[in-house]
Amino acid sequence: MKLPPSILDLNLPEVEMRIRRFIKEYVENAGADGIVLGLSGGIDSGTIAALSSLAIGGDRVIGLMLPEKETINSKDIEDAKFVAEKFGLKTQLCDITTVLESFYKSIPIFDPTDRLCKGNIKARTRMIYLYYYANKLNRIVCGSSDKSETMMGYFTKWGDVAADITPIMDLYKTQVRKLAEHLGFPAELATKPSTPALWPNQLAETELGIKYETLDLILYGLERFMTTEEIAQQLSVEKTLVEKVKSRWLAIEHKRRLPLVPKIEYRTVGTDFRLPRHTY
Amino acid sequence: MEKMKEKIKLALAQISSRRENKKENLQKIEEFTMKAKEQEADLVIFPELSLTGYVVHDQIYELAEIIPGPSTKRIEELAKKTGAHIIFGMPELSEKTKATIFNTAVFVGPKGFIGKYRKMYLPTHSVFEEKRYFRPGYQTAAFNTPLGNIGLFICYDIFFPEVCRLTRLKGAQLLVCISASPAVRRSYFEILTAARALENTAFLAYVNLAGVEDGLQFWGGSRVVSPTGDLLAKAKYDEEDLVFCEVDYRDMRSVETFIPTLRDLRPELFDELRKLSETL
């Protein structure tokens, strides 16, 4: 199999239709009054905001902007507002700084120099806000994780990935960008560098150590059971790079699943209880 | 036996099923059959597992019924009341066991139960897990009825030309494929429905589910294909629809002379096919 960049091309109107239909069907059948989502100013959450609004109407979608003092960035707020205005969804801004500081103060072993552990508190705190709004307003939380991040485990467990539905999780980052442009996002916003906003100046591609254009093609090959040798040859990259991506993908499957349960009884939660997600 | 009709009117009842809700689905089957009868349809065809929905996982054990059973009785009454022939799909519980289930197409007419077909090829790959729940059938099925000789098969069976070939060799003039095919596989079925009709010089009616079940989007697109592979009628993609199509068996004669695939069958190849498939 060859791996030209065009292999990631999608029938964008078809993908848009499928995702809109998926969102609408879920909200209707869940008996929810709408959607709440985190609106960071990044392209994934912007795309989710757009698709949610197109699916059920912007008046039934709330985008929560959840900045905190260490990572707040006026450009992100500006971009989030631009998306909200363009697609007609409501927004609400909640500064989570004081809540975070309370966490830092109340944890006896808190280590301010461990930026990953500290950053994960931020992602999980944002999740709490989203679910408060969802509970209070009878809405569902719409997640914005993409396939690249999810395969690489580049997310906070029970944090940014926590949601009721994740409509773009089967699209690689570069595909999300193209979908965003198809939806009418300006190129500057569609190609904006991604950040989980766990600490200042954090950039996804820097942390992952690879450009999304290359990463997505490697992941595409792995998804289709290509060997690391074949992928490296096709992309003219070092085999060690492909192996590194593969190892990371396989090593963090636990983050994508329910907690592991020892098999003791007849049918076990998360293993062989195979049930429809909903009874509607 | 009453005289066989040469020309019949088909109704493709492309419904979306309410999962695990046989009562509601039976009501829908009744509604669609009544509407079809208003248009003087002779045969109304519903999708695979339309009685229960497709994505029901372990709940299948509660939903399966023996045939004849309560649900088939209800459809028999409907056929009697309307004078229509009806084909639909349901999980069939073996009479001899408590939990051995088949994925079955049921055929009833105004005079009662006509026959059934148990799916032979059970997809167990990608999103499909049919072998986990179903026992495969061992017989193809073609039934002599007042509406002609009608053969039944189900969804993934279409990838195996021997199923249709055997059904045709049993005398089927109309090949009926009931299906629950998700959208990512649409192009395969669009090709294969035409191929199976053409290579067997028979009419083919394909009826797919519509709607979304656990994120799986069924693409609809039900159709009738002529013995030359031409599209005679086509339902909407993705949405529920009821489409009618007249089929005139007399048209088969000129096709069989023009494309004499049945005349040209080479039985000795089937022995070789069997030998080689045993040693794959």
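Which residue stands opposite B:Ile154 in S8(B)? In this predicted model, the residue facing B:Ile154 is B:Ile178 of S8(B), and the two strands concerned, S7 (residues 148-154) and S8 of chain B, run parallel and are joined by 5 bridges. Between S7(B) and S8(B) the chain passes through helix H5 (residues 161-169) of chain B, and the resulting β-α-β crossover is right-handed.

Strand S8(B) also pairs with strand S9 (residues 203-208) of chain B, again in the parallel sense and over 6 bridges, with B:Val176 placed opposite B:Ala205 of S9(B). Here helix H6 (residues 186-200) of chain B forms, together with S8(B) and S9(B), a right-handed β-α-β unit.

The surroundings of S8(B) can be followed residue by residue. In a regular strand, side chains point alternately to one face of the sheet and to the other. In S8(B), B:Leu174, B:Val176 and B:Ile178 are buried on one side, while B:Leu175, B:Cys177 and B:Ser179 are buried on the other, so that both faces are covered. Because 6 of the 6 residues of S8(B), which spans residues 174-179, are buried, this strand is largely enclosed by the rest of the structure.

Chain B also contains an open sheet of 6 strands with mixed pairing, arranged in the order S5-S4-S3-S2-S1-S14. Its edges are formed by strand S5 (112-118) and strand S14 (241-248), each of which pairs on one side only, and the twist from one strand to the next averages 30 degrees. At the S5 edge, strand S4 (residues 101-109) of chain B pairs with S5(B) in the antiparallel sense over 6 bridges, and B:Phe107 stands opposite B:Gly115 of S5(B).

Terms used: Residues numbered from 1 in each chain as written. Chains lettered and ligands numbered in written order. Predicted model: local features only at pLDDT ≥ 70, side-chain atom pairs only at ≥ 80, totals over all residues. Buried ≥ 20, exposed ≤ 12 C-beta atoms within 10 Å, placed from the backbone. Helix = DSSP H or I, 4+ residues; strand = E, 2+ residues; numbered from the N terminus. Pairing = 2+ DSSP bridges. Right-handed = clockwise from strand over helix to strand, strands pointing away. Axes fitted to C-alpha atoms, helices over the stretch in contact; angles between N-to-C directions.
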